[in-house]
Amino acid sequence: MTEPDDVLEVSSAAQYAALGHPTRLRLLFALGRKQATISQLATALGTRKGNIAHHLGVLREAGMVTIAYTKPVRGGTEQYYQRSARKLHFTGEQAIAQKALTLRVLSEEIEAAEPDPFLVLRQVHLTRAQAAQLAATLSDLVDGVEEADEAEPRYRLLTGLFVPAAEAPAPEAPAGETPPGEASSV
């Protein structure tokens with residue numbers, strides 16, 4: 001059994017195509033901590049084994065999933081899958097779109113999470129140096145978390161730091177009309 005790499009650089013069109021389906025992202029999330037069989041993954045994701053097998057094949061072809069080991073079972077062999085890397089680093093032209101899709105899938109998980117998840121959104125003015133320092137601190141904090149025993153619940157941790165896109169100036173409306181997107185006071 002081989003250990004997964006620490007980081008997989010996701011940059012090719014084939015890799016991004018493999019990540020383009022929400023089920024594949026959920027499979028990568030499910031394989032984030034331990035190896036699993038097709039049956040175990042189908043149960044965890046609430047879908048059919050054939051569906052899981054198809055999506056695992058796509059991820060395997062893209063180099064994101066490997067077979068960790070096989071185990072003989074009654075009249076056959078079970079394959080245990082694992083992620084090929086602990087972390088994915090999105091680069092290239094499709095990185096922003098992939099991050100957006102990943103956030104959409106995570107938002108669905110957050111919506112269904114129990115108990116109520118802890119989320120904080122804060123806007124703060126920072127210099128580039130302060131932002132770089134904060135990003136490094138958050139990265140070190142996340143990387144330094146020591147995992148508990150597998151019997152404990154599994155949490156997802158999402159950190160982020162970004163500069164939002166600049167707001168476009170509001171279009172000028174003809175006299176007496178309210179520009180689109182603005183409320184009119186009566």
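Helices, here runs of at least four residues in DSSP state H or I, and strands, runs of at least two in state E, are numbered from the N terminus. In these terms the protein, which is a predicted model, has 6 helices and 4 strands, and from the N terminus on its elements follow the order β-α-α-α-α-β-β-β-α-α.

For the chain as a whole, 23% of the 186 residues are buried, and the protein exposes about 13900 Å², of which carbon and sulfur atoms supply 54%. Among the contacts with a sequence separation of 6 or more, 64% are accounted for by residues 24 or more positions apart.

A local example of contacts across the sequence is offered by Ile-38, a residue of helix H3, which spans residues 38-45. Once its neighbours within four places in sequence are left aside, Ile-38 is in contact with Lys-49, Ile-52, Ala-53, Leu-56, Gln-79 and Tyr-81. For one of these partners, Ile-52, the separation is 14 residues in sequence, while the C-alpha atoms of Ile-38 and Ile-52 are 6.3 Å apart in space. Because its relative accessibility is 22%, Ile-38 counts as partly exposed, the buried class being reserved for values under 20%.

Turning to the surface, Val-124, Leu-126, Leu-134 and Leu-161 form a nonpolar patch whose accessible area comes to about 290 Å² together. One member of this patch, Leu-161, is found in the segment after helix H6, the helix of residues 128-143. Leu-161 has a relative accessibility of 40% and therefore counts as partly exposed.

Key:
Residues numbered from 1 in each chain as written. Predicted model: local features only at pLDDT ≥ 70, side-chain atom pairs only at ≥ 80, totals over all residues. Heavy atoms only, no water. Buried < 20%, exposed > 50% of the residue type's maximum accessible area, 1.4 Å probe, protein only. Contact = heavy atoms within 4.5 Å. Areas by Shrake-Rupley, 256 points an atom, 1.4 Å probe, with all protein chains shown as cover. Patch = residues over 30% accessible without salt bridge, like charges linked within 9 Å, V, L, I, M, F, W, Y side chains within 5 Å. Salt bridge = Lys/Arg side-chain N within 4 Å of Asp/Glu carboxyl O.
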